Amino acid sequence: MSAPRGSIERYAFRERVVHALVALPYVYLLLTGLAFWTPALYWIAIALGGGFLSRMLHPWVGVFFAIVALRMFVIWRTDMRTTDADRQWRRAMGHYVRNEDDLVPAAGRFNFGQKQMFWIMMWATLLLLLSGIVLWFPDAAPVSGVNVRAAAVLVHAIAALVTIAAFIVHLYMGLVVVPGGLRAILRGDVSNEWANHHHRVWAESLRERRSGK
């Protein structure tokens with residue numbers, strides 16, 4: 001499906017579907033995980049169907065989340081490689097944070113910050129999966145594996161906190177710092193002006209491809 005006139009396709013349909021299939025289970029895992037973390041938030045599990053159901057679904061939803069995250073990795077791994085332009089962007093990150101856009105180097109399809117966010121979430125997802133499996137089957141470890149289980153609890157908690165921080169930053173950037181980001185992931189297209197302003201290198205490469213250069 002082509003983008004409307006005067007706009008550029010930012011995300012293909014399959015990319016938006018995969019993003020949604022990662023986001024929705026992540027929110028469920030976040031909420032149920034917080035409910036399990038402290039009795040003060042256990043009401044969340046009750047609101048989501050009860051403690052028993054939440055505990056039963058949490059690991060299965062986690063496996064589904066990891067599988068879809070792997071699909072996202074396959075789709076975007078090439079786009080997320082760090083380039084020389086990214087290194088220039090990284091040195092100017094302070095200007096980006098202060099909204100001094102004129103001093104920020106042009107970015108490709110994803111800027112350095114977005115790429116780092118991607119890799120943080122991918123590695124954290126792997127740690128959550130591995131530690132989660134240990135916690136899911138605690139009796140599978142030998143008696144001497146008590147240290148393994150204790151380490152799994154710690155790793156799971158730290159990895160979860162990392163993803164929560166990244167998730168908050170992701171929401172803030174997409175909703176506040178870069179207006180139009182939410183629309184792009186929902187509808188798939190952005191205006192030419194938006195593309196030129198935020199990802200000029202990517203926009204110019206698309207135009208060159210269209211003109212056959």
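**Notebook: nonpolar surface and core**

I looked up leucine 175 and recorded it as exposed, because its relative accessibility is 51% and the cut-off for exposed is over 50%. I worked throughout on a predicted model. I placed leucine 175 in helix α7.

*Surface patch.* I next asked which residues join Leu175 in a nonpolar patch on the surface. I found Leu171, Tyr172, Val176, Leu182 and Leu186 listed with Leu175, and I noted about 590 Å² of accessible area for the patch together. I then traced the patch to its helices: α7 (146-177) and α8 (181-187) each supply at least two of its residues. I noted that α7 gives the most, with four residues.

*Leucine 127.* I turned to leucine 127, which I located in helix α6, residues 112-136. I entered this leucine as partly exposed, because its relative accessibility of 41% falls between the limits of 20% and 50%. Leaving aside residues up to four places away in sequence, I found that leucine 127 touches Gly132, Val155 and Ala159. I also checked leucine 127 against glutamate 100: the two are 27 residues apart in sequence, and their C-alpha atoms are 36 Å apart in space.

*Core.* I recalled that nonpolar side chains in soluble globular proteins tend to be buried together. I therefore looked up the largest nonpolar core, a set of buried residues, and noted 37 residues in it. I listed Ile8, Met72, Trp76 and Val190 as the members with the most contacts inside this core. I recorded several helices that each supply at least two of its residues, among them α1 (13-37), α6, α7 and α10 (200-211). I assigned the largest share, seven residues, to α3.

Definitions and conventions
Residues are numbered from 1 along each chain as its sequence is written. This is a predicted model: local features need pLDDT of at least 70, side-chain atom pairs count only at pLDDT 80 or more; totals for chains, interfaces and linings use all residues. Side-chain values use heavy atoms; hydrogens and water are left out. Patches are made of residues with over 30% relative accessible area and no salt bridge: like charges are joined within 9 Å, nonpolar side chains (Val, Leu, Ile, Met, Phe, Trp, Tyr) within 5 Å. Accessible areas come from the Shrake-Rupley method with a 1.4 Å probe; for residues, only the protein chains shown count as cover. A salt bridge is a side-chain nitrogen of Lys or Arg within 4 Å of a carboxyl oxygen of Asp or Glu. Buried means under 20% relative accessible area, exposed over 50%, partly exposed in between (1.4 Å probe, protein chains only). Contact means heavy atoms within 4.5 Å. A nonpolar core is a set of buried Ala, Val, Leu, Ile, Met, Phe, Trp, Tyr and Cys residues joined through side-chain atoms within 4.5 Å.
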